[in-house]
Amino acid sequence: MSYAGDDLLYIRLPGMPVHGIPGSPDRRTQWAADLSVRHRAHGGQLNNHSCWLRNLLPGLEAEHKFTLSPGTDIWDLAVTTHQHVRAGTIDGWICEHGNDGGFTQGDYTSHLFAITRPASERGYIAFMPAIDGPGYFVRRKRYTRDQTLRREDLTPAPELTADPGDLPQIIRDRYGLTPAWGATYRRVRYNVMLESLRTGHVFSIMYDRCTAEHAGDLIQAEVEYVRSRTLRASSKWQILSQLSELRTWTRDLLTRSGITYMEDQMSKLTWLRRQRRLSMPARDLAGTQKPLTLRERDHH
């Protein structure tokens with residue numbers, strides 16, 4: 001399913017393994033007939049590029065966050081992590097095959113708006129300007145507290161050309177919601193992409209640094225489920241078990257590296273809420289030029 005010049009990655013077909021003596025022409029004919037039937041059953045996925053990659057947690061985000069001490073060198077951590085994965089330090093895991101050697105990076109701005117009412121929609125809606133085209137990517141997360149599993153939708157919106165100051169009205173028009181407050185921050189991140197040879201699940205060990213006006217930097221390590229290269233059914237608990245495995249490995253790496261950290265699951269929303277000043281002008285989003293205290297913003 002993936003060819004990287006020197007090696008090949010195969011995907012397992014559902015069903016029992018074939019048995020017999022490879023030197024027997026009759027046996028090889030039986031194998032070919034059996035495997036062809038299995039292959040045809042999944043032809044849509046197997047015969048079309050990248051259709052074998054699936055999100056087995058649609059509408060959910062599964063990640064574990066470590067908040068690191070200020071000044072931590074995230075580039076050094078990312079390179080070190082990538083070297084460990086390439087060397088086979090994590091048994092049964094490889095760098096994600098065919099994805100730039102399993103090392104990717106990002107640097108973008110996010111306009112985040114807190115949603116506090118109704119309770120069922122609590123969380124945030126964030127707009128990230130598209131780098132390679134018009135419009136935004138819209139990330140919507142719904143949760144009542146910082147936790148491992150959260151509802152998440154990521155939607156491209158090339159048709160949106162609004163200025164950042166007009167985004168609160170976009171939220172009202174699109175979602176029928178009124179943001180309580182908003183802030184803008186920049187995120188620089190390095191992702192080490194790992195793939196399990198046992199299950200085909202792909203995870204990211206990510207290191208990022210977020211900066212905003214009037215806010216201390218937020219530096220984190222995040223272990224997150226991304227997708228799966230598999231034709232077989234899989235349970236949420238299998239994915240969470242592998243998330244736990246990589247969380248433990250990352251914790252040990254941070255400890256060995258002398259990095260001070262907290263496993264607090266801190267979201268970007270919580271980080272921004274805790275700041276004495278938000279990066280947007282001090283005003284309510286209805287347009288009244290009246291400074292709001294942090295407590296007033298949280299209860300707006």
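## Exercises on a predicted model

In this predicted model, the backbone oxygen of Gly101 lies 2.7 Å from a polar atom of the side chain of His82. The exercises below begin with this histidine and then move outward.

**Exercise 1. Describe the surroundings of His82, and decide whether His82 is buried or exposed.**

Solution. Begin with the secondary structure: His82 lies in helix H3, which covers residues 74–86. Next, take the relative accessible area of His82, which is 13%; because buried means under 20%, His82 counts as buried. Then list the neighbours: leaving aside residues up to four places away in sequence, His82 touches Cys95, Gly101, Gly102, Phe103 and Val192. Finally, return to the polar distance of 2.7 Å between the side chain of His82 and the backbone oxygen of Gly101, a residue that also appears among those contacts.

**Exercise 2. Work out how many disulfides the structure has, and state whether Cys95 and Cys210 are buried or exposed.**

Solution. The criterion to apply is a pair of cysteine sulfur atoms within 2.5 Å, and a search of the whole structure finds zero disulfides. For the accessibility of the two cysteines, Cys95, one of the residues that His82 touches, has a relative accessibility of 13% and therefore counts as buried. Cys210 has a relative accessible area of 0%, so Cys210 is buried.

**Exercise 3. Find which strands pair with S9, and name a bridge partner in S9 for Glu61 and for Arg142.**

Solution. Start with strand S4 (residues 60–68), which pairs with strand S9 (residues 149–157) in the antiparallel sense over three bridges; here Glu61 has Arg150 of S9 as its bridge partner. Turn then to strand S8 (residues 136–142), whose pairing with S9 is likewise antiparallel and runs over seven bridges; in this case Arg142 is matched with Arg151 of S9. As a last step, consider the connection: S8 and S9 form a hairpin, with six residues between them. When looking along these strands, keep in mind that in a regular strand the side chains alternate between the two faces of the sheet.

**Exercise 4. State how many aromatic pairs the structure holds, and describe the geometry of the Phe127–Tyr136 and Phe203–Tyr225 pairs.**

Solution. The count is 10 aromatic pairs. Phe127 and Tyr136 form one that is edge-to-face, with 5.9 Å centre to centre and 80° between the planes, and both of these residues are buried. Phe203 and Tyr225 form an edge-to-face pair as well, with 5.6 Å centre to centre and 70° between the planes. Phe203 lies in strand S11 (residues 201–211) and Tyr225 in strand S12 (residues 218–229), so this pair ties together parts that are 22 residues apart in sequence; Phe203 and Tyr225 are both buried. A further grouping leads back to the first exercise, since Trp75, Phe103 and Tyr190 form one aromatic cluster, and Phe103 is among the residues touched by His82.

**Exercise 5. Summarise the whole protein: how many helices and strands are there, and what share of the residues is buried?**

Solution. Count the elements, which gives seven helices and 13 strands. For the extent, the C-alpha trace spans about 85 × 45 × 35 Å along its principal axes. Of the 300 residues, 45% count as buried, while the accessible surface comes to about 15,800 Å², of which 51% belongs to carbon and sulfur atoms. Lastly, among contacts with a separation of 6 or more, 65% are between residues 24 or more positions apart.

Methods: Residues are numbered from 1 along each chain as its sequence is written. Side-chain values use heavy atoms; hydrogens and water are left out. Buried means under 20% relative accessible area, exposed over 50%, partly exposed in between (1.4 Å probe, protein chains only). Two strands pair if DSSP finds at least two bridges between them. Helices (H or I, at least four residues) and strands (E, at least two) are DSSP runs, numbered from the N terminus. A polar contact is a pair of N or O atoms within 3.5 Å; within protein, one must be able to donate a hydrogen and the other to accept it, and residues adjacent in sequence count only if both atoms are side-chain atoms. Contact means heavy atoms within 4.5 Å. Accessible areas come from the Shrake-Rupley method with a 1.4 Å probe; for residues, only the protein chains shown count as cover. Rings of Phe, Tyr and Trp (its six-membered ring) pair if their centres lie within 6.5 Å; planes under 30 degrees apart count as stacked, over 60 as edge-to-face and the rest as tilted.
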